[in-house]
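Me: I have a few questions about the labels used for a model. Please set each value against its definition.

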Amino acid sequence: MNCLYCGGKLPAEAAFCPVCGSPIVGEEPETADPMTASRRRQRRVKQGLIIASAVIGASAVVATATTLGIVYYKHTHGGLTKK
Ligand SMILES: [Zn+2]
């Protein structure tokens with residue numbers, strides 16, 4: 001096996017090229033295997049959904065807090081202006 005970057009000869013179990021220091025990626029089974037690739041994509045979609053729901057949840061909390069704050073403000077300050 002030779003280095004993809006410099007073409008230098010690599011030891012069988014090398015993780016980095018001893019010539020140029022590049023990490024050895026090998027045959028990249030994730031892109032070669034469509035099953036693994038789709039599973040990877042699914043996981044990324046799942047992560048995106050988790051992030052999206054977290055953002056929605058956070059904004060919902062903020063919206064609720066803002067609404068409660070307005071209601072509380074109106075409740076406490078509304079009585080004074082009525083006078
Ligand atoms: Zn190299």
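Reply: Start with contacts: two residues are in contact if their C-beta atoms, placed from the backbone, lie within 7 Å. The model here is predicted. In the chain, residues 24 or more positions apart account for 0% of the contacts with a separation of 6 or more.

Me: What makes S22 partly exposed?

Reply: A residue is buried if 20 or more other C-beta atoms lie within 10 Å of its own, and exposed if 12 or fewer do. S22 has 14 such atoms within 10 Å, so S22 is partly exposed.

Me: Why is I24 called partly exposed?

Reply: I24 has 15 C-beta neighbours inside 10 Å, which lies between the two cut-offs, and therefore I24 counts as partly exposed. Buried residues make up 2% of the 83 residues in the chain.

Me: Which residues does S22 touch, not counting those up to four places away in sequence?

Reply: With those left out, S22 touches C3, Y5, F16 and C17. Each of these contacts rests on C-beta atoms within 7 Å. For Y5, which is 17 residues from S22 along the chain, the C-alpha atoms of the pair are separated by 7.2 Å.

Me: Which residues does I24 touch, on that count?

Reply: Leaving out residues up to four places away in sequence, I24 touches L10, A14, A15, F16 and C17. The C-alpha atoms of I24 and N2, 22 residues apart along the chain, are separated by 9.4 Å.

Me: Where in the secondary structure are S22 and I24 found?

Reply: S22 is in the segment before α1, which covers 29–32. I24 is also placed in the segment before α1. The chain has two helices and zero strands.

Conventions: Residues numbered from 1 in each chain as written. Predicted model: local features only at pLDDT ≥ 70, side-chain atom pairs only at ≥ 80, totals over all residues. Helix = DSSP H or I, 4+ residues; strand = E, 2+ residues; numbered from the N terminus.
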